Amino acid sequence: MPTEIGNWTVHPLETGDFRLDGGAMMGSVPKVLWNKTNPADEYNRIDLSLRCLLLENGVHRILVETGMGSKLSSKFKYMFHVVQDDDPLTNALRKAGFEKNDITHVILTHLHFDHSGGATETDQNGEIIPSFPNATYFISKRNWDAGMNPNPRDRASYLRENYECLMNSGQLQLLDDDSLVVEGISTISVDGHTAGQQLVKIQDSGETLVFVADLIPLKSHLKLPWIMGYDLNAQLTLKEKAVFLDQASSKNWWLWFYHDPASVMVKIIKDEKYFTVIEEIIREGSTQES
Ligand SMILES: [Zn+2]
């Protein structure tokens with residue numbers, strides 16, 4: 001189900017699904033409210049997707065985010081109820097008609113394991129190497145520093161094996177806040193979730209799509225006070241979300257969800273209280289009503 005944004009073809013790469021604690025995902029929102037939109041399983045976990053975005057325009061083949069990757073132990077998969085192929089990125093790319101070697105740019109919004117896991121893989125000798133031999137990897141300077149010296153509060157989400165080798169392979173390009181990657185593709189820096197997270201904005205021929213990553217992980221988080229308990233600074237997330245969603249609604253941007261199990265992208269308008277979805281593209285095969 002590829003979509004066009006100007007001259008860019010946009011492919012959703014579904015690399016897998018997993019589950020996290022519903023209360024931790026919804027912060028101060030009571031379960032009686034969130035359980036209606038994001039029903040919990042017997043361990044109180046809710047469904048999340050790992051929907052990477054592939055952009056191509058005949059010159060560049062840009063991958064935003066890399067899923068969990070292929071280095072997971074069975075214990076890890078069990079804990080997070082990870083459901084994915086053995087080599088999820090290879091399979092998802094092939095469905096779209098590409099190979100890992102074709103990728104020219106990899107943009108990571110931040111280095112938490114559910115976003116950067118597929119950036120590296122294990123070779124036949126057991127060594128960890130970059131998964132995309134021909135790509136430059138773009139990470140924000142400030143998030144790279146956070147990944148190398150994590151805050152005690154989100155330390156468990158930063159696993160060096162997912163990114164450390166990029167430095168030595170010479171494929172790493174560290175970005176300042178709000179940078180241009182290639183013409184039409186830029187980053188928007190936000191800090192409430194973790195230091196130096198970068199959203200990715202694709203702008204071409206009057207159309208705009210933003211990969212909203214963990215600023216707005218699920219469609220439910222379009223409601224301003226719905227903020228993850230995982231965020232380092234919930235008050236800052238609230239402010240960043242309010243500013244961002246105002247812009248997104250007044251400028252008619254598409255918003256791309258990485259973690260929403262059913263909703264791929266939406267357009268919104270501001271109503272008296274929050275923001276209402278006015279257009280939506282649903283995941284192929286999903287039965288969830290919009
Ligand atoms: Zn995430």
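Helices (H or I, at least four residues) and strands (E, at least two) are DSSP runs, numbered from the N terminus. In those terms, E65 lies in the loop between β4 (61–64) and α3 (74–79). The model is predicted. This briefing covers an open sheet of seven strands, a helix across six of them, two residues with positive phi, E65 and S205, and the internal and open spaces.

**The sheet**

- Seven strands form an open sheet with mixed pairing.
- Their order is β10-β11-β12-β13-β14-β15-β16.
- β10 (180–182) and β16 (275–282) are the edge strands; each has a single partner strand, so one side of each lacks a neighbour in the sheet.
- From one strand to the next, the twist averages 30°.
- β15 (residues 263–270) pairs with β16 in the antiparallel sense, over seven bridges.
- M265 has I281, in β16, as its bridge partner.

**The helix across the sheet**

- Helix α8 spans residues 234–250.
- Helix α8 lies across β11 (185–190), β12 (197–204), β13 (207–211), β14 (254–256), β15 and β16.
- Relative to β15, helix α8 runs at about 85°.

**Positive phi outside glycine**

- E65 is not a glycine, yet its phi is positive, at about 75°.
- The relative accessibility of E65 is 0%; buried means under 20%, so E65 counts as buried.
- S205 is also not a glycine and has a positive phi, of about 50°.
- The loop between β12 and β13 holds S205.
- The relative accessibility of S205 is 57%; exposed means over 50%, so S205 counts as exposed.

**Cavities**

- There are two cavities of 30 Å³ or more.
- The largest cavity has a volume of about 40 Å³.
- G69, S70, D87, P88, L89, K100, G118, T120, E121 and S131 line the largest cavity.
- Both α4 (88–95) and β6 (120–122) supply at least two residues of that lining.
- By class, the lining of the largest cavity has two nonpolar, five polar and three charged residues.
- The second largest cavity holds about 30 Å³ of space.
- Its lining consists of D214, L215, P217, H221, W226, I227, M228, D231, T237 and K241.
- Five nonpolar, two polar and three charged residues make up the lining of the second largest cavity.
- T237 and K241 in that lining fall within the residue range of helix α8, 234–250.

**The largest pocket**

- The largest pocket contains about 460 Å³ of space.
- Its lining has 20 residues.
- P12, L13, E14, K95 and E284 lie nearest the centre of the pocket.
- β2 (8–21) and α4 each give at least two residues to the lining of the pocket.
- The largest share, seven residues, comes from β2.
- The lining of the largest pocket divides into nine nonpolar, five polar and six charged residues.
- α4 thus takes part in two linings: it supplies at least two residues to the largest cavity and at least two to the largest pocket.

Terms used. Residues are numbered from 1 along each chain as its sequence is written. This is a predicted model: local features need pLDDT of at least 70, side-chain atom pairs count only at pLDDT 80 or more; totals for chains, interfaces and linings use all residues. Side-chain values use heavy atoms; hydrogens and water are left out. Two strands pair if DSSP finds at least two bridges between them. Axes are lines fitted to C-alpha atoms, for helices over the stretch in contact, and angles run from 0 to 180 degrees between N-to-C directions. Contact means heavy atoms within 4.5 Å. On a 1 Å grid over the protein atoms alone, a cavity is a set of points where a 1.4 Å probe fits but cannot get out, and a pocket is an open set with protein on both sides within 12 Å along at least five of seven lines; lining residues have an atom within 4 Å of a point. Grid points are joined across faces, edges and corners, and a volume is the space filled by probe spheres set on the points. Ala, Val, Leu, Ile, Met, Phe, Trp, Tyr, Cys and Pro count as nonpolar, Asp, Glu, Lys and Arg as charged, and the others, Gly among them, as polar. Buried means under 20% relative accessible area, exposed over 50%, partly exposed in between (1.4 Å probe, protein chains only).
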